[in-house]
Amino acid sequence: MSREELEGWIAEYGKEIYSFCRTLTPNKQEADDLYQDTFLKMVELCSRLDVKKNPKSYLLSVALNLWRNRRRKFSWRQRITGPLISAEEMVTDVPSAQQSVEEQMILEEEKQSIRRAVEALAWKYRLVVYLFYMEDMKITQISKILKIPEGTVKSRLYKAKKVLKKELEVVLNEKRH
């Protein structure tokens, strides 16, 4: 892989990959490390794979696999050493100048409710939701990344939407009344 190709991928897909890394691990430092390791791994794998067909999908797959491996290692270490408390940082959006302070506060509360509801989902559902809605990926792409059948992706997405709808109806209706 040439330096120009790598720089092109970073320019074209960098923000989306970083956003996905931040979604997987809300801790900024861990997300930064995952982002860098993703591109380093792609450089390593590029000579063995034909990544030119769909580089974004490959990058997301690499990020997801690296994250899974880290989670597995962390889980193993945690069993040995006991739980560690980590300070998580949340991504904050820049408010629009056209909205009133009250509208901005309500919007922010709703976003937080949605984030909490999605984070409460089991990982197998949460990953499908992230890939489908945040990364705007198609069912076939998600199937390839997660290495599961398309029907399973559809089923998980359906179940996640059903749970989220139920949870968010209750939460958002309570806040409005």
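This report covers the fold, confidence, core, one pocket and the H6–H7 region of a predicted model.

## Overall fold

The protein has seven helices and zero strands. From the N terminus on, the order of elements is α-α-α-α-α-α-α. The chain holds 177 residues, and 33% of them are buried.

Contacts often reach far along the chain. Take those between residues at least 6 apart in sequence: 62% of them join residues at least 24 apart.

## Confidence

The mean pLDDT of the protein is 78. A score of at least 70 is reached by 79% of the residues. Among the elements, H6 has the highest mean pLDDT, at 89. H3 has the lowest, at 74.

One stretch needs separate mention. Over residues 80-96, pLDDT stays under 50. For this stretch the model has 19 contacts beyond four places in sequence.

## The nonpolar core

The largest nonpolar core has 40 residues. Those with the most contacts inside the core are Ile17, Phe20, Leu64, Leu131 and Leu146. At least two residues of this core come from each of H1 (3-24), H2 (28-46), H3, H4 (101-120), H5 (123-134), H6 and H7 (150-176).

Leu146 is worth finding in the structure. Leaving out residues up to four places away in sequence, Leu146 touches Leu64, Arg68, Leu127, Val128 and Leu131. Two of these partners, Leu64 and Leu131, are also listed with Leu146 among the core residues with the most contacts.

## The second largest pocket

Rolling a probe the size of a water molecule over the atoms shows where empty space is left. The second largest pocket has a volume of about 180 Å³. It is lined by 10 residues. Closest to the pocket centre are Ser57, Tyr58, Ser61, Lys144 and Ile145.

Helix H3 (55-81) and helix H6 (139-146) each supply at least two residues of the lining. H3 gives the most, with four residues. By type, the lining residues of this pocket divide into two nonpolar, four polar and four charged. The pocket thus draws on H3 and H6, the elements with the lowest and the highest mean pLDDT.

## From H6 into H7

Ser143 is found in helix H6. Its relative accessible area is 10%, so Ser143 is buried, the cut-off being under 20%. Not counting residues up to four places away in sequence, Ser143 touches Ile148, Pro149, Glu150 and Val153.

Lys147 has its place in the loop between H6 and H7. Its phi is near 60°, a positive value in a residue other than glycine. The relative accessible area of Lys147 is 66%, over the 50% cut-off, so this residue is exposed.

Thr152 is found in helix H7. Is Thr152 buried, exposed or partly exposed? Its relative accessibility is 26%, which lies between the 20% and 50% cut-offs, so Thr152 counts as partly exposed. How far apart are Thr152 and Ile139 in space, C-alpha to C-alpha? The distance is 9.7 Å, and the two residues are 13 residues apart in sequence.

## Summary

The predicted model is built of seven helices. Each of H1 to H7 supplies at least two residues of the largest nonpolar core. The second largest pocket takes at least two lining residues from each of H3 and H6. Along the step from H6 to H7, Ser143 is buried, Lys147 is exposed and Thr152 is partly exposed. Residues 80-96 stay under 50 in pLDDT.

How values were computed: Residues are numbered from 1 along each chain as its sequence is written. This is a predicted model: local features need pLDDT of at least 70, side-chain atom pairs count only at pLDDT 80 or more; totals for chains, interfaces and linings use all residues. Side-chain values use heavy atoms; hydrogens and water are left out. On a 1 Å grid over the protein atoms alone, a cavity is a set of points where a 1.4 Å probe fits but cannot get out, and a pocket is an open set with protein on both sides within 12 Å along at least five of seven lines; lining residues have an atom within 4 Å of a point. Grid points are joined across faces, edges and corners, and a volume is the space filled by probe spheres set on the points. Ala, Val, Leu, Ile, Met, Phe, Trp, Tyr, Cys and Pro count as nonpolar, Asp, Glu, Lys and Arg as charged, and the others, Gly among them, as polar. A nonpolar core is a set of buried Ala, Val, Leu, Ile, Met, Phe, Trp, Tyr and Cys residues joined through side-chain atoms within 4.5 Å. Buried means under 20% relative accessible area, exposed over 50%, partly exposed in between (1.4 Å probe, protein chains only). Contact means heavy atoms within 4.5 Å. pLDDT is the predictor's confidence in each residue, from 0 to 100.
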